[in-house]
Amino acid sequence: MPRMHSRARALCAALLLASPLGSPAAQPPPSPMIEIPAGAFRMGSDTGPDDERPAHQVHLAAYAIDRLPVTNAEFAAFLNAAGPRNARGERLYDDDDDDARIHRTGGRWRADSGFEAHPAVEVSFRGAAEYCAWAGKRLPTEAEWEKAARGADGRRYPWGNQAPDATRARYGAAFNATVPAGSHPAGASPHGVLDMAGNVWQWTSSLYRAYPWRADDGREDVRSPEARVTRGGAHDWPAGALTATHRGRGLSRAPAAGHHNIGFRCAR
């Protein structure tokens, strides 16, 4: 894996310290990750919603990001190690929500039949952060997510500048009508990362604050209760939310709770 720069090391360490987990014996087998090379990219947009402005150059050290969002089956393994609440009583998973697709049966947490490969939803921000720490990873920053989604050529969508269609992303569908992770290979980003548009929104580690993005201005405070940036659009949102620069504007995303259309992936 690429070397982790100091900011990423500090963030990962903070997440591990914030979690009661992290035991190597409890970790899942490694899921495929995509290496993103060091370099600059254009973040944001001067033609989109106000919260995407101004477009600006951001330089990132090399990192890796999960090829796919975390699935219900993967998150069920975490729940068997951690449970739905952490040692501080914070909700990691809204198992009592009707939209949850993981339930405790026979003394074990299991993904509902037919939903094992669907992206895990009803995971709070803290649950996503603690899952990633348990797996020896961390949540991606907003900048890392966007670079992995659009590359360095300023494209509008992960696949390019062509308008979305049903071969590239899951959007404009019914409430809770997710599909298995990786169902749209034609929507791959220039780095080969899948599901960066549609199906489920994805938590990032960054607080929802105005641009320009900077890693050292407090927006990466892992213990802050403020709203976090979510990225990627979802199955029940229109095509306008699928751009690689959309920051989840207008989305209900209270970080202390899970949501039916918010999932996540990890980085390292």
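**View 1. Ala-40 and His-59 stand opposite each other where strands E2 and E3 pair.** In this predicted model, Ala-40 stands opposite His-59 of strand E3, and the two strands, E2 with residues 39–43 and E3, pair in the antiparallel sense over five bridges. In a regular strand the side chains alternate between the two faces of the sheet. Strand E3, which covers residues 56–60, shows such an alternation, with His-56, Val-58 and Leu-60 pointing to one face, where they are buried, while Gln-57 and His-59 point to the other face and are not buried.

**View 2. A disulfide joins Cys-132 and Cys-266.** A search of the whole structure finds one disulfide, and its two sulfur atoms, those of Cys-132 and Cys-266, lie 2.3 Å apart. The pair links distant parts of the chain, for Cys-132 belongs to helix H3 (residues 125–134) and Cys-266 to the segment after strand E9 (262–263), 134 residues apart. The link is left-handed, with -85° about the S-S bond, and both Cys-132 and Cys-266 are buried.

**View 3. Helix H3 is mostly covered.** Of the 10 residues in helix H3, 10 are buried, and among them are Phe-125, Arg-126, Glu-130 and Trp-134. The helix is followed by Gly-136, whose phi is positive, near 75°.

**View 4. Glu-130 of helix H3 meets Arg-88 in a salt bridge.** Side chains of opposite charge can pair when their charged atoms come close. The structure holds 17 salt bridges, and one of them brings the side chains of Glu-130 and Arg-88 together at 3.3 Å, N to O. Because Glu-130 lies in helix H3 and Arg-88 in the loop between helix H2 (72–82) and strand E5 (102–105), the pair ties together parts that are 42 residues apart in sequence. Glu-130 counts as buried because its relative accessibility is 1%, whereas Arg-88, with a relative accessible area of 43%, is partly exposed.

**View 5. Glu-90 and Arg-223 form a salt bridge between two loops.** The side chains of Glu-90 and Arg-223 meet at 3.0 Å, N to O. Glu-90 lies in the loop between H2 and E5, and Arg-223 in the loop between strand E7 (201–207) and strand E8 (228–231), so this salt bridge ties together parts that are 133 residues apart in sequence. Glu-90 is partly exposed, with a relative accessible area of 25%, and Arg-223 also counts as partly exposed, at 35% relative accessibility.

**View 6. Glu-90 and Arg-223 are among the residues that line the largest pocket.** The largest pocket has a volume of about 160 Å³. Its lining includes Arg-91, Ser-124, Phe-125, Arg-126 and Pro-255, and the lining residues divide into four nonpolar, two polar and four charged.

**View 7. Glu-146 and Arg-150 pair within helix H4.** The closest N and O atoms of the salt bridge between Glu-146 and Arg-150 are 2.9 Å apart. Because these residues are four apart in helix H4 (residues 142–150), about one helical turn separates them. Glu-146 is buried, with a relative accessible area of 0%, and Arg-150 counts as buried at 3% relative accessibility. Salt bridges that share partners join Glu-142, Glu-146, Arg-150, Arg-231 and Arg-247 into one network.

Conventions. Residues are numbered from 1 along each chain as its sequence is written. This is a predicted model: local features need pLDDT of at least 70, side-chain atom pairs count only at pLDDT 80 or more; totals for chains, interfaces and linings use all residues. Side-chain values use heavy atoms; hydrogens and water are left out. On a 1 Å grid over the protein atoms alone, a cavity is a set of points where a 1.4 Å probe fits but cannot get out, and a pocket is an open set with protein on both sides within 12 Å along at least five of seven lines; lining residues have an atom within 4 Å of a point. Grid points are joined across faces, edges and corners, and a volume is the space filled by probe spheres set on the points. Ala, Val, Leu, Ile, Met, Phe, Trp, Tyr, Cys and Pro count as nonpolar, Asp, Glu, Lys and Arg as charged, and the others, Gly among them, as polar. Buried means under 20% relative accessible area, exposed over 50%, partly exposed in between (1.4 Å probe, protein chains only). Two strands pair if DSSP finds at least two bridges between them. A disulfide is a pair of cysteine sulfur atoms within 2.5 Å. A salt bridge is a side-chain nitrogen of Lys or Arg within 4 Å of a carboxyl oxygen of Asp or Glu.
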